[in-house]
Every structure is written in C-alpha cells, then in structure tokens.
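Notebook open, coffee poured. I want to look up how the inside of this one is put together, beginning with a single side chain and working outwards.

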Amino acid sequence: MRRRIPSNSALQAFEAAARHGSFARAAEELALTEGAVSRQIGRLEVFLGVALFERVGNRVRLAPNGKRYAAQVREVLDRLERDSLYLMGQPIEGGSIDIAAIPTFATRWLIPRLKHFQNQHPNITVHIAERMEPFILAGSGFDAAIHFAHPAWAGMHLHHLLEEVLVPVCSPALLAEADAGISLDELPRLHRRQNPDAWQVYAQEAGIVLTNSAVGPRYDLHSMLIEAALAGLGVALVPRLYVVDELEQGRLVAPWPDGKAITKKFCLVLPEPIELSEGPLQAFAQWILHEARGLAP
C-alpha cells in the first residue's frame, strides 16, 4: 500500500517558514521565490486538509495545528538528515561499528588506545557514544557495549576486560602545602555522587580512621574527580586504571594503599558470540580483549 506522506519539498518549505515565521525568509534559505514557498505550503495544507498558517493581510502566523505539526516535522527532518550524513560518512571499503561505553572508561582508557586499532584496521570506523546505565542492546543501534557486568545484560555475551580497584590520589602540590605528617583524615576529600559511601568502605578496608567520611564536594564522573585532584582541590578515590599515566608522570601521587575490594568489572557486551559477529565487530572484539589482557594485573 502506498504511504500517504507529503512531498519532501513541501515539508522543507513548511518547516523553514514555521521556524522563521516568514515565507520570505524561508524562500531565502531554500533559494526559492516567496511564491514557490507559498504554493508548496498551500499544497501541503490541501493534502492534510488542515490550515497550517493563519493569513492576516500580508503576514502569516502558525495556526495551533501548525505549531504541533511543525515540531513533529522538524524532528523527522533532523533525524533524516543525521541518518543521511551518517551513511554518507561510511567508508567505501571496510565497515563501521557503533560502541556504547561508560564515558570515563571511553575517555581515559579506550580512546587513547584506539590509534592501535586504527593502525591495524584502517578501513574500520569506530563510533563511540556514552551510556551510563545498562540498556537493551537489541534494537538500540549499537553493535556492542563496554560496561560493568550487570544482571541487566542477561542473554548477552559478556567478555571480561578489566577490574576496577580504587586508589586515593592527589596533586603533589596538595601534600607540599600540608604540614608534614598530615593524615588523610585532615585532607579535603572528593566524592563521586553515584558512590557516596566509597570513602567509608575504603577506610574500613585500609584500617584508616576518617572522622566524617561523607564530608567534601561531589562530582558525577570519575573524570571530574581526576581533574579536581589534578587541580589540587583534594584527594580523589578513583580507579587506578584511569590514572596510570598521571601517576607515572608525577602529576598525581598515591601515598596511600589501594582499596582491597574489586569495585566493579568492565566487560565487552556482545549480542552474539565473537566468532559469529560480523567482520568489523569481530576485529574490534579481538583487539580490545588483547589490549585488556596486556594491562590486566
């Protein structure tokens, strides 16, 4: 059955006129005459059987139905443009994959290593988007996810990558400014909002007394905590795997013991076994597992 959809030209003319509130400005944007825009919108109104604009003398304004329809048309056209540009950007040979990842893991661990993958597979493009929470992979538009092991991934194929062990770190300048022999309890502490009891758990594991483990500013992401520690704002309790470079460079110091407990486990989440995955995804999965094995404790 043939779809009852207005012409693309009519929709573009209507969306532009609705956005500008003017047929003349819409015509200028679309490189048309004002009369052509008016005719396109007239045909659209006939097709819909609804008046989209109210004509008041030489001026026009959106009718109530037009306001609602304009928002819907704009959303559809924006999505169509995004999808078209996405396809236009695909490599002629090779392929591409879309990966959902925890933002700090993506910026602090994955992206700095992607050059290795690119060197090995120059014809495969890797697109990365952030996802903080587990989600339904099927139908999401993603080929795989890099996330924490979680019951929500039931039915998916999980491959262990790395383990998250927390370590307190701070700027060496913060310790230099403090009195000699000052304790962790006397230093400002930084917190991750999603893990408010992390300092309390760490203190119990390390046998350190913290008078009030909840005192201090809170941040949403580990990446924010790391930047705050680098800025000398306090001591941050962060995964060691995120601050390896800063510790080696001396930009951060960790004079306190690592946490004893594994906080979370990072996994590669696939919808099917690696050997059944398409070529680009299979290559990426094999590469990231190799990278993780090389750095795993």
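**Core and sheet**

I started at isoleucine 146 and listed what it touches, skipping residues up to four places away in sequence: Ile99, Ala100, Ala101, Ile102, Phe105, Leu110, Leu161, Cys267, Leu268, Phe284 and Ile288. Note to self: this is a predicted model.

Next I checked the cores. The largest nonpolar core has 44 residues, and Ile146 and Phe284 are the ones with the most contacts inside it. Which helix gives the most to this core? I found that helix α10, residues 279-295, does, with 8 residues. There's also a second, separate core of 19 residues, and I noted Ala13, Phe14, Ala17 and Phe53 among its members.

Then the sheet. I got 5 strands in an open sheet with mixed pairing, in the order β4-β3-β5-β11-β6. Its edge strands, each paired on one side only, are β4 (124-130) and β6 (157-164). I also looked up the twist: neighbouring strands are turned by 20° against each other on average, direction ignored.

I zoomed in on one pair. Do β3 and β5 run parallel or antiparallel? They run parallel, with 3 bridges joining β3 (residues 95-101) to β5 (residues 144-148). Across that pair, I see isoleucine 99 opposite alanine 144 in β5.

Last lookup: what packs on the sheet? I have helix α5 (residues 103-120) there, touching β3, β4, β5, β6 and β11 (264-270). The direction of α5 makes about 175° with that of β4.

Definitions and conventions: Residues numbered from 1 in each chain as written. Predicted model: local features only at pLDDT ≥ 70, side-chain atom pairs only at ≥ 80, totals over all residues. Heavy atoms only, no water. Pairing = 2+ DSSP bridges. Helix = DSSP H or I, 4+ residues; strand = E, 2+ residues; numbered from the N terminus. Axes fitted to C-alpha atoms, helices over the stretch in contact; angles between N-to-C directions. Contact = heavy atoms within 4.5 Å. Core = buried A, V, L, I, M, F, W, Y, C linked by side-chain atoms within 4.5 Å. Buried < 20%, exposed > 50% of the residue type's maximum accessible area, 1.4 Å probe, protein only.
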